[in-house]
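Biologist: I'd like a close look at just one part of this protein, please. Could you pick the place where a pair of helices pack together and walk me through it?

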Amino acid sequence: MASGTALIYDEEMTSHKLLWKDPICDIEVPERLSSSYEQLKRYHLVERCVPVPAREGSEEEILLVHSSEHLEVAKSTQTMNEEEMKRVSGNYDAFFFHPSTYHCARLAVGAALQLVDSVIAGKVCNGMALVRPPGHHSQRNAANGFCLFNNVAIAAEYAKRKYGLQRILIVDWDVHHGQGTQYIFEEDPSVLYFSWHRYEHQEFWPSLKKSDYDAVGLGRGKGSNINLPWNKVGMGNSDYLAAFFHVLLPMAFEFDPELVLVSSGYDSGIGDPEGQMNATPEVFAHLTHFLMQLANGKLCVILEGGYHLKSLSESVCMTVKTLLGDPIPQITGEMAPCLSAIESIHNVRAAHKPYWKWLMYEDTSFLQYLSTKSHLLEKANTNPSTEHESKINNTDETIKVERFLELHMKNILFPVPPIKTAASVESKTSAHLLPVHVVKEKDMNEVKALVSAFYADLVKEDETLLSLGSMLAVLDKILTKQVCNGIAESPAASVSVAVALRHSVRFGFQRVLCIFVGDMEIIPNTEDGRILMIHVCEKLQSVEKTNSKHYISLNWKEGAEGNDFFSAVFGFILPVAYSYQANLTVIAVGPNRSLGINGISLLFGLLRGLAESRILAVIENTEINLMQSVATALAGNSRPDFGVCAPPTQEKVHTLKILREQLQQEWKMLRCSVKNGISGN
Ligand code: Q9C
Ligand code: ZN
């Protein structure tokens, strides 16, 4: 299993610059690259990455995607004078040539290919390439939107040819539609292209009908082009997360890519003059973390746009930090997608229903826009934490966001315990897999005193007491931030969990999320809202059901044909979990678990995105194999195997639908359709 993160940066690519006045192109400046790299150095991230040199992409490589005419025009600009360059630039929509442009664009292509080579050869697990000029608007025969050669498209084609890859996912989170990439792959079912973009009902550049949700691909490629248009500005963290949960991630898991490429534009971040969106840098940590769960972690992130230098560089740092496996910062602000975002999400699901098995039983029909059509420059939900107010002028806005981010990043860059796992288990199970701090059992009397306060009658047996002692020792290490996560083995998971939850709340944690898989002897009291329990079990428990809205029972038995649990994780568990904003996650596995090891590993992998990656695992002591794969998942330096994904049955889709309808008023990230319970938004 490969480990390590590649970083590609070459100062040469800062030599491409605008030589004349052009108000459209003047935001694509060399400082975009240099200031991002400086910020990476300041956070000591550069020294933690594997440096990989850029190289020039060859003519043959450029011709994988582009016409020879296009290549020749680009080549010919190297020796032109300013007058001639200006004239050639004018042939394209939003592009400028500099004598070094051709060289830089070849370096940008080569950087993307070097990254693909490093990841596929297993030199590193993932990586990022900081490149200019960007690529995703560039088409077979044309430069466009600051892009000369389509770096990411060439990288995908190269990976197909050189390594015989059959399924590549391209995620384009730049705020513009990568129409160039769409055109190149729209008939190709082996490349799944996802793009969200500012659209405003076709008012926003490049103003194409083909950027709308109903452009799903052509011919054999039908279903492999996913467009999610944003029809309002001001989209924020929760809109982006909702798009991942309800559109991209389930498709990506069904597609099962062998490699993931990101067209990584940060003009979708707060403060960007082009995007005018509201998402804060830490959302990119979450997006990156989700994509790291695919393709065995083989993830290549390649820079596209991003024009607010501070927002851009902080977002780049969040991405690289996450690639390195650091804990994920918590998302701040209200967790609810806005009506306009939900409409777009709903519509793209409807458009793709014929092509995706997981959508087969979802009931979707196209929506007429409920959110007002007089939308221009009207804001979507405004994230209160971002203090984002209406524009006064560009400079004021830019400086304001700079100040906001200066403070904001200090608040979220918590002192990080590097990922360390405390364990109450002996070396025979998992200690050899990860740096384990074997914890001494707590003094028995101390434990007894602690436990007698709440569950005295349940813990008479010595074995249980002993295991509670070591569980609490592990938990204390997490609560006091000495380690990031921990594993406790227990002869009675539900007792351990009940004690762990109470203890965490008494320690001062405001919101603790617990996912309990299997039979639960005792259901902890969740009435004060400080604990949210999601109980995954085969059938409804015989235990008297609480009517607390913080106890949710999810009946789910993993299918025999493969891992169908992903649809429940994206369609239900993650949305609820992100809505709740827990500061600690407890994942427990009791007797008669209805999920296989793959499903449980998926849960661990994905829930690392929450609660600053603080997770306590409580596992029945008979589960040696499970313990090992959980230990691997928690270590964060290698990806657990989730097995083959299978689509959910009609019955299961129905189960999720009922739960969503019941709960989306309370847990707003569940909303992906405008039909139900939306009026109060
Ligand atoms: N009226 C990237 O972010 N704007 N390119 C043109 C014409 C061009 C953005 C406006 C924006 C290009 C890679
Ligand atoms: Zn862009």
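Modeller: Sure, but keep in mind that this is a predicted model. A little background helps: the chain has 19 helices and 16 strands, and buried residues make up 65% of its 681 residues. Of the contacts in the chain with a separation of 6 or more, 77% join residues 24 or more positions apart.

Now for the pair. Helix 5 covers residues 101-120 and helix 6 covers residues 151-163. Their axes are 9 Å apart, and the two helices pack at an angle of about 45 degrees. Angles from 35 to 65 degrees fall outside both roughly parallel and roughly perpendicular, so helix 5 and helix 6 count as oblique to each other. The crossing of helix 5 past helix 6 is right-handed.

So who actually touches whom? On the helix 5 side you'll find Ala 105, Ala 108, Val 109, Ala 112, Leu 113, Val 116, Asp 117 and Ile 120. They meet Asn 151, Ile 154, Ala 155, Tyr 158, Ala 159, Lys 162 and Tyr 163 in helix 6. Sort the residues of this contact by kind and you get twelve nonpolar, one polar and two charged.

For another helix to look at afterwards, try helix 10, residues 309-323. At 1.5 Å a residue, its 15 residues should span 21 Å, and its end C-alpha atoms are indeed 21 Å apart, so the two values agree. Helix 10 is mostly covered, with 14 of its 15 residues buried. Just after helix 10 comes Gly 325, which takes a positive phi of about 95 degrees.

Conventions. Residues are numbered from 1 along each chain as its sequence is written. Chains are lettered from A and ligands numbered from 1 in the order in which they are written. This is a predicted model: local features need pLDDT of at least 70, side-chain atom pairs count only at pLDDT 80 or more; totals for chains, interfaces and linings use all residues. Side-chain values use heavy atoms; hydrogens and water are left out. Helices (H or I, at least four residues) and strands (E, at least two) are DSSP runs, numbered from the N terminus. The expected span of a helix is 1.5 Å times one less than its number of residues. Buried means under 20% relative accessible area, exposed over 50%, partly exposed in between (1.4 Å probe, protein chains only). Axes are lines fitted to C-alpha atoms, for helices over the stretch in contact, and angles run from 0 to 180 degrees between N-to-C directions. Angles under 35 degrees count as roughly parallel, over 145 as roughly antiparallel, 65 to 115 as roughly perpendicular and the rest as oblique. A crossing is left-handed if the near helix is turned anticlockwise from the far one by less than a right angle, and right-handed if clockwise. Contact means heavy atoms within 4.5 Å. Ala, Val, Leu, Ile, Met, Phe, Trp, Tyr, Cys and Pro count as nonpolar, Asp, Glu, Lys and Arg as charged, and the others, Gly among them, as polar.
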